[in-house]
Amino acid sequence: IAKNHTATHIMNFALRDVLKRDVDQKGSEVVPEKLRFDFNGSKPLTLEEIEGVEKVVQSQIKQELPVHRRPTAIADAKKINGLRAVFGEKYPDPVTVVTVGPSMEDILANPSDDKWTSYSIEFCGGTHIANAKEISNFVIVEEGSVQAGSRRIVAYTNDIADAAVALGNKLEAEAKKLTSLKDLPALSKAIIELNERIKGADITYSSRKRLRSMYDGLVSEKKKLQSGAAKAAKGAAVDEAKKFAEDAKASGAKFVVAVLSAAGKAKIMSKAIQAFHKVAPDTAFLCISEAKGKAAAIASIPKGMETALNASKWVGDTLKTCGGKGGGKPNYAQGAAKGVTMEQIDAAVKFAKDFASKAL
């Protein structure tokens, strides 16, 4: 507790030093595993400010500044330039002054000296360590609003701070490796796992910010890959449909049933059907596409042929063979099925061909 108590004093000073304004303590809690400090503020601290506060505290730890305690007459103590006290608190006279760095003897010899504003000097009757080096490390893990006009910082010291830094570094290194992933399914899985690890990780505030930025970057990359995959699927499906149409036109086929590389997307299949009918406007077309166990099917019938071959009946009965359903208009219908296998897709294609042959 003594280490975290002294760390709270140094952080109070660091906040004033970094924010360049008065910082009024609104409350605090010091326990062996962490410290909490509430202070006046209407907006969140920036990442730069958070890291600035950490650097100031860590600098005083590395300087191995001694910690002094001395009962002092309040009248004399109030003359000290840079002295901090909790607003509204009643202090005894004499009051204990705790300093990190200069001794009270040096301070009282010239209490108005501006150099005392570069150190933590506070009224405090609590327990403290003898030297800042005993804190060994300091990191901020949380910063947020308590209520209107009040902010809260939670920080770790010593071994707990070391562990938070180490875990953050590990996660950042792992997240950095994910930037090389170009396989969409693998990247999607990695993004979900990374998000869960970030949420449950006991890491520093700055590390969490960096990880969230890396996570956002991975999500953006996923969207780019999805867009690229969709464009590729659309191009492939349209090209396949054109080829089927050319073959049908050349052979005089009345219908075509085909499996397209459309990633199971009805919108892509619709574009493919349009391309098909531009080449073979008098040929009925039923296309099926499957992705991740989900199948979509669309049937399009030329005007005048629907009396013999009904699109709604054709696609609906075909999808029933693999546990799906579909329907629509006599000339145009669509549907879908879930949990299908490629064997079921093959069986559905055979059924659709038989159905059309009998109808026409």
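This report describes the internal cavities of a predicted model and the helix beside one of them.

## Basis

The model is predicted: local features need pLDDT of at least 70 and side-chain atom pairs pLDDT 80 or more, while totals for chains, interfaces and linings use all residues. Residues are numbered from 1 along each chain as its sequence is written, and side-chain values use heavy atoms, without hydrogens or water.

## Cavities

Two cavities of 30 Å³ or more are counted. A cavity is a set of points, on a 1 Å grid over the protein atoms alone, where a 1.4 Å probe fits but cannot get out; lining residues have an atom within 4 Å of a point. Volume is the space filled by probe spheres set on the points, which are joined across faces, edges and corners.

The largest cavity has a volume of about 50 Å³. Its lining consists of Asn12, Val23, Asp24, Gln25, Arg84, Ala85, Val86 and Glu122. The second largest cavity holds about 30 Å³ and is lined by Ile288, Ala295, Thr318, Leu319, Cys322, Ile345 and Ala348. Helix 9 (311–320) and helix 10 (342–359) each supply at least two residues of that second lining; helices are DSSP runs of H or I with at least four residues, and strands are runs of E with at least two.

## Helix 9

Eight of the 10 residues of helix 9 are buried (under 20% relative accessible area, 1.4 Å probe, protein chains only), so this helix is largely enclosed by the rest of the structure. Among the buried residues are Trp314, Asp317, Thr318 and Leu319.

Methods:
1 Å grid on protein atoms, 1.4 Å probe; cavity = no way out; pocket = protein on both sides within 12 Å on 5 of 7 lines; lining within 4 Å. Buried < 20%, exposed > 50% of the residue type's maximum accessible area, 1.4 Å probe, protein only.
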